[in-house]
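User: Could you take a close look at one small sheet in this protein for me, and then show me how it compares with other parts of the chain? I am in my first year, so please go step by step.

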Amino acid sequence: MSQLTTLLRMRAAASGNALPTSRLRHLHLSDRPLMLLPLKQSGTAARPLAVMLGTDPAHPEVLIAPPSGSTTLMLTTLASRVTTYIEDHQLCRDPLRATSTKPAPQRFSGAPQLLVPNSDAVAHLNTLGRELRLRRPIDGKTTDTCPVRRLGQWLTYFANRAELAGTSALIPLTSFLTMHWVTGQSPLEDEDLATLLAWIDPSRHAASGYHAALAAEDPAVHRPAGPATDPAFDTDHLAPLFDTYRTDPHQQARCLDDLHTLLTHYLQPTWDRMWQAYTLLQALPEAAGTERRWKHERAEFTKMTAYLAQGGRPQPARDNPVGAAIGLSLREYAAAVFHAERAFDDPFTRAELRTAGEAFAGTVTTVDADHLIYSSRNRPLWRPRFTISTTDPLRLEPGQTLACHTHHGARYTIRAITPRGSETFVDLEVTAGMGTLARPRHTVVPDPGAFLVCTLAPDHYHQLPQFPPADQIPWTHAGSPAPRANRHRSQAAAHTRPPGSHHQQDQAQRAIVEQLPTLTHRGAVIDAPPGAGKTTLVLHAAQTLAQRGAPCVVITQTNSQADDLVRHLARSHVPAGRLIAADHTAPADLLALPGARIGHRIQDLKSAHIIVGTAMKWATIREGRWPWAIIDEAYQMRSDHLLRIGHLFDQALFVGDPGQLDPFSTIKTHRWAGLPHDPMNSAVAVLLAQNPDLPVQALTTSWRLPPTAVPLIHDAFYPFTPFDAAPYQTERALTFGVPGVRTPVNEALETAARTGWALLELPARITHRIDTEAFHAALQTAATLLHRHTTATCDTHPQGRILEPRDLGIGVAHRSQAYHINTLLLQHYPSLHGITVDTANRLQGREYSITIVLHPLSGRWDASAFHLEAGRLCVLTSRHRHACIVIARAGIASLLDSHPSNDPVHLGVTSKSPDSWEAHHTVLAHLAPHIISA
């Protein structure tokens, strides 16, 4: 929920009436929708009880299923009504033209639209469709002639479309209404259609929407909208009828008539509210992008009709690896495009995104209308540039493509973002819609002083990723053809204490690397705790394989990881290729390295024995195969990304940290939970599920963490993977060159210097994400460290070295927190210029002498899954070489006890041990002796 939506919800609660938000309708509403109001029996997920449906508000039809026995008659009637409605939209087609290379596409002039009261009704139709489409044909009927199975296929189609953002085939009205109004009740209460409409459109006799909602909560007056019935209604009315129907065959006809009358009266109020909601929504004007999305909806309906006409088989009960990956990509793509299109069309959405830093508004300060770039053929290309000054929070990055609602068709690419005091200057380059140098369109270039609002361009999400055909699934997801052996998990060779720690590190990794050329398995997995030398292992393995005549590719998760690896290789005088995307600009220092070769195509890097690139870039390579691949930070890679690159290599080394952040998605992914090829699982999890013979080894020494850090990190996050801190010739220590006065911050610093840990505890208070007092505490802690001339002693600096801003890191959970801390830093702490302030996601793989961590649960009133995630806390507390200082508000232990772990349990999914709730308690227990009260 954005800050703007939160503010409006508070105002709605104070005023007692819902407030309008978006005044443009982003979903198409048919002139003749099919209202569908289902009820199900208690206890059986898919057994229907009744359905009220129709296209005329005054003449609904009610279909009743018998309390027991076969529901075929009711379902056959339902199938007839639904398919008749669908067939009414298959009569007319749009007159589309053919091109010189393609025949005229087919698209119906209309498409069916189902409206249901709430999201639970969508889930029920999905479950019902799954059950019906897989029913065995009866009476010798085939799939084509069995109307119930065909109904199941259509219901599954509608339910699948409902999971794609911006589609209009099946719409829950509660979700539709909350896109345009904000109430004073919780989002969970907004799922009740009666109370939601009471807030939005109260009756004339109600004092306010709040009072109307209170009246609507009375189950005796307003029954739930389904699909589950009210328990009191079940006990008082349904149970007697059901008992009579089962025990007295002579009364069954009368019971069915009474049941029909009873359920008609039960459903009628909700039916009327659905049409009331429809009227409210239809009065809103359509946004510009709605018609385009409706055209796409009609095209998809046309495809489904053609598929069924050709005898298309029912949708499978479970997706195969390719189907699951495509399904996830489709949903993510649809969500991203719909989000961007809403921002492009809707002023309210733009304002909402500005508060979240995903859009910005500002004044054009400078314009370079004559700026040129040169193509690979040295041809001049007109690319005007201009700079916008903004005071909005900014979470965008260079390279992203933006759009401006006042300049349709133009696209602007961010070239640089420069904070200066309270302002941020964004350099933009016009990259689309500007015409040519011979025929320029100067209208897309704004004048100095113009005020612009920029958002992510809808076409920033270029195209869907490519996946292998279902019959060409790579070995990573289909299993290894090699003979299977018992999987063994081993540790690296035992360490003796050699003269130097670096020699010991090389020895531990050499034992792993030397096995690779003779490895008989298709791959190997290396688990490593924080700071165990994963980067060194990747570099050592790549060089060894290349020297032995086995060219390899190195696959990273981010561009920064890939750039760092190439820098290391070039400094070791190892020629390496850096494969980059066409829209990515390599850093200047990388271009200057003599041993580094940069290329957008694999043909440009054929002579390189080691080629480094991100997984996203490697997924675009369709030709070529290498003997070896090394996947760095493999636990951060989603399995669907591994599926796209599995065809590129014969064998692979997977290196990663199992305690770090899991892959994530912004959409719901529960439909694939439990599958061995769940696309949201990490690449390693799916790899080992499909290839249980692969050896798994563990590095047992952390070269980053000091001995004081290992007990906490091990007990909280790696209880079943023992590891130790490396033995050092020089003990790590922190000393202060300037004495400090007795303040909580100085006490925390001295405690951290003495024990390696400190918890600076602020007074308990609910602050949500933006806690200015905690932000200042973090910055004051860093500033005090520098003011006191803190000296760090370690094996690399045995004489000690005074810390600088680049040696400190501040870790937070949210980008908005990082932005506010950076803003405060620029305004009030100029001595901290150069310090890193970032989220846990971006801090993965980095290390600092001292880290200052804002606890993810500090100041919160709830413990959501995001803030409870153990991987996030693990990353934040394991980036330091000397000490970690945690800043948090009091009351986290009580908050955890009030919100025990409630992660959903899915069949086939191995529960994490320890879970996130337990990990947080373990961390607090270890930090208890180091608490300093502020």
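Analyst: Start at Phe736, which stands opposite Thr790 in E29. This is a predicted model, so please read each value as computed from that prediction. The two strands involved are E27 and E29 (residues 790–793), which run antiparallel and are joined by 4 bridges. Together with E30 they form an open sheet of 3 strands in the order E27-E29-E30, with antiparallel pairing. The edges are E27 (733–736) and E30 (801–802), each pairing on one side only. In general, the strands of a sheet pair through backbone hydrogen bonds, either parallel or antiparallel.

Just ahead of E29 sits His789, in the loop between helix H23 (772–787) and E29. Its phi is near 50°, a positive value in a residue other than glycine. Is His789 buried, partly exposed or exposed? With a relative accessibility of 41%, His789 counts as partly exposed, because the partly exposed class covers the range between 20% and 50%.

Glu633 makes a useful companion to His789. Phi of Glu633 is also a positive value near 50° in a residue other than glycine, and Glu633 too is found in a loop, here between strand E22 (626–631) and helix H19 (639–645). Glu633, however, has a relative accessible area of 9%, so it is buried.

Now for parallel pairing, look at strand E21 (residues 610–614). E21 pairs in the parallel sense with strand E18 (residues 552–556) over 5 bridges, and Ile555 stands opposite Gly613 of E21. Strand E19 (residues 576–579) also pairs with E21 in the parallel sense, over 2 bridges; there, Gly577 has Ile611 as its bridge partner. Why is E21 described as largely enclosed by the rest of the structure? Because 5 of its 5 residues are buried. You can check both faces: Ile610, Val612 and Thr614 are buried on one side, and Ile611 and Gly613 are buried on the other.

A helix can be covered in a similar way. In H6, 8 of the 8 residues are buried, among them Leu193, Trp199 and Ile200. The elements covering these buried residues include helix H1 (3–15), H5, strand E7 (181–182), H7 and H9.

H6 also brings us to the largest nonpolar core. This core has 47 residues, and Leu177, Leu238, Leu263 and Leu281 touch the most other members. Among the elements giving it two or more residues are helix H6 (193–200), helix H8 (231–247) and strand E2 (34–40). H9 gives the largest share, 12 residues. Apart from neighbours within four places in sequence, Leu281 is in contact with Arg25, Leu29, Leu173, Phe176, Leu177, His180 and Trp181. A second, separate core has 36 residues, including Leu760, Val812, Ile885 and Ile932.

Finally, try finding Gln41, in the loop between E2 and E3. Its relative accessible area is 9%, so Gln41 is buried. The side chain of Gln41 reaches the backbone oxygen of Pro67 at 3.3 Å. Beyond its neighbours within four places in sequence, Gln41 is in contact with Arg47, Pro48, Leu49, Pro66, Pro67 and Phe242.

Note on methods. Residues are numbered from 1 along each chain as its sequence is written. This is a predicted model: local features need pLDDT of at least 70, side-chain atom pairs count only at pLDDT 80 or more; totals for chains, interfaces and linings use all residues. Side-chain values use heavy atoms; hydrogens and water are left out. A nonpolar core is a set of buried Ala, Val, Leu, Ile, Met, Phe, Trp, Tyr and Cys residues joined through side-chain atoms within 4.5 Å. Buried means under 20% relative accessible area, exposed over 50%, partly exposed in between (1.4 Å probe, protein chains only). Contact means heavy atoms within 4.5 Å. A polar contact is a pair of N or O atoms within 3.5 Å; within protein, one must be able to donate a hydrogen and the other to accept it, and residues adjacent in sequence count only if both atoms are side-chain atoms. Two strands pair if DSSP finds at least two bridges between them.
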